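Here are my notes on this model, as numbered points. Please read them with the structure open.

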Amino acid sequence: MSGQTPDDPRETDARSTTRSDGDATHSDRFGRLAALEDSDRAVSPVIGAILMFALALALLAILQTAAIPALNEGLEFQHSERVQTDVRDVGGAVDRVATTGATESVSIEGGLRYPPRMFFINPPPVAGTVRTTDPATVEIGNATATGETGDYWTGGPRTFETRSLEYVPRYNEYGGAPVTVAEPWVVYDRFDETDVTRSDQDLVDDRRIDLIALEGDRSVSRAGDVTIGVEPTSAPARTVTVRDDGEPVTLTIPTRLSEDTWRELLADELDPTGDTEDDRYVQEIDCEGAPPDPCGQLTLTLEQGATYELRLGAVGLGSGVEEENATYLTDIEGDATAIPESGRQRLVVEARDRFDNPVSGVSVTGIVTGDGTVRAVDPVTDAEGRATFVYDAPDDVDGTRDVAVTLRFGETPAEQATFDIRVMDRDGGGSSPTSETDPSATITGVDANTAGSQDRYDVTLEATDPDGNLDRAEFELRNPETGAVIDTATATLTGGSDTATGNLRAQSGDRLAEYRIVATAIDADGNAGSDETIASGGA
């Protein structure tokens with residue numbers, strides 16, 4: 001033991017060095033691992049951010065391609081509904097302007113601007129088109145009137161042109177949007193396969209016929225409001241009483257609605273059996289095109305034997321509109337009157353255009369056939385289309401004289417109005433071979449019964465004749481506006497003083513709100529005296 005030698009110090013150093021090297025290598029390995037872990041922690045948030053950004057872009061893309069078009073389509077649908085209301089408002093303005101003669105303005109929301117949306121792209125604004133269609137012909141056939149108006153309404157065809165107003169959409173998303181159309185008698189939406197009416201028809205209502213022509217050329221495409229100026233070209237619209245000339249009155253109008261749609265619109269007016277008591281007067285409906293195609297030309301045949309209140313007019317919606325010229329002259333006051341010698345009678349005429357409405361600025365002249373003179377008071381028609389003259393009877397006549405006064409603005413019968421005036425010899429100074437004095441006539445009573453389907457009047461007349469040769473009494477029920485005779489009656493008179501009663505009536509088709517009743521006493525020599533009154537009707 002004492003002989004063992006201690007370990008070599010170099011060996012000891014070597015072992016120590018080996019342990020030191022081993023420890024260093026182990027530490028480096030763990031350091032590199034820690035560095036890698038720190039690097040991973042730094043990259044993960046970046047990758048997450050990139051993924052989130054990509055997801056957001058994908059979501060925005062989905063919204064842009066799906067949600068935004070759907071939202072815009074909803075806005076376009078709502079705009080289409082507003083346009084339908086605007087076009088109906090134009091139709092209402094047309095009727096008001098035709099009635100009053102006063103200009104109006106109506107706006108149509110021509111286009112649509114989409115609301116701004118952050119991060120999203122909207123399509124361009126919608127710019128729809130408001131336009132009038134090409135003109136097409138309206139025809140009224142077999143209609144006659146009485147009195148001077150009958151010189152124009154003779155039964156021959158009367159024609160004029162009209163247009164329609166359309167709104168044509170140009171939506172980006174609402175692909176099935178309709179074209180909204182205002183024809184003069186109905187407003188409707190025209191789809192690809194069908195039509196949907198947005199108003200009732202106002203062409204025929206019982207015995208009332210309304211035809212208001214739309215004139216003017218207009219076409220505007222705009223994203224904002226489009227203002228429509230509705231101007232009267234033949235207004236205010238007057239009503240003329242017409243009836244058939246032996247053949248049924250017909251109305252032919254242009255329309256793009258189908259026959260089936262018109263039968264639905266006119267269901268309350270159709271009377272194929274010709275029943276005179278049911279207040280329905282459209283007997284037939286005929287279309288140029290067979291269903292389901294548009295009519296093209298729609299012809300209505302009206303019931304015979306009835307009188308119709310015809311209201312025509314025209315309004316302008318665009319450029320190229322001209323004022324209507326006078327077409328005929330009709331008497332308003334002074335026809336079929338009797339005045340004493342040295343008396344005077346006021347004569348009033350009205351100049352009217354082809355739509356039966358007054359025309360101002362027309363120069364009228366007058367001539368007399370027979371005794372007396374005519375003088376002008378207002379020879380140029382005023383805003384109501386009227387000119388005024390006065391007939392002055394001679395200071396003295398020998399017996400009763402019949403005089404004709406003609407007022408005119410042209411040479412055709414329609415451009416003239418003739419007034420029949422009877423001048424009576426009141427002083428007996430003449431040399432009449434028949435009677436010294438014409439009979440006198442006084443309506444002393446009118447017993448009216450307007451209940452039921454007709455208006456009935458029992459008219460009592462008292463007549464006197466100094467000659468004592470009364471012969472008969474004649475009674476007439478007339479239209480107070482046109483003078484048209486609706487019914488007549490005759491009764492016998494005798495002696496120098498007598499009373500007679502006439503029974504007058506207006507059937508359902510002839511009923512009016514007011515009538516003019518004329519009673520005339522006639523003696524054996526043909527001399528006459530008359531009286532008249534106004535009576536209320538049941539229409």
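1. The chain's secondary structure comes to 2 helices and 34 strands. Keep in mind that this is a predicted model.

2. The chain has 539 residues, and 42% of them are buried. Its exposed area is about 26300 Å². Carbon and sulfur atoms supply 48% of that area. Among contacts with a separation of 6 or more, 67% join residues 24 or more positions apart.

3. Now one sheet. It is open and has 4 strands, in the order β21-β27-β26-β23. The pairing is mixed. Strands β21 (337-340) and β23 (365-369) are the edges, each pairing on one side only. From one strand to the next, the twist averages 30°.

4. Strands of a sheet pair through backbone hydrogen bonds, either parallel or antiparallel. In which sense do β21 and β27 pair? They run parallel, over 4 bridges. Strand β27 covers residues 416-424. One pair to look up is T337, whose bridge partner in β27 is I421.

5. M424 also lies in strand β27. Is M424 buried or exposed? Its relative accessible area is 6%, under the 20% cut-off, so M424 counts as buried.

6. Which residues does M424 touch, leaving aside those up to four places away in sequence? The list is A338, I339, P340, E341, V397, T400, D438 and A528. I339 is 85 residues from M424 along the chain, yet their C-alpha atoms are separated by 6.2 Å. I339 falls within β21 (337-340), an edge strand of the sheet.

Conventions:
Residues are numbered from 1 along each chain as its sequence is written. This is a predicted model: local features need pLDDT of at least 70, side-chain atom pairs count only at pLDDT 80 or more; totals for chains, interfaces and linings use all residues. Side-chain values use heavy atoms; hydrogens and water are left out. Two strands pair if DSSP finds at least two bridges between them. Axes are lines fitted to C-alpha atoms, for helices over the stretch in contact, and angles run from 0 to 180 degrees between N-to-C directions. Buried means under 20% relative accessible area, exposed over 50%, partly exposed in between (1.4 Å probe, protein chains only). Contact means heavy atoms within 4.5 Å. Accessible areas come from the Shrake-Rupley method with a 1.4 Å probe; for residues, only the protein chains shown count as cover.
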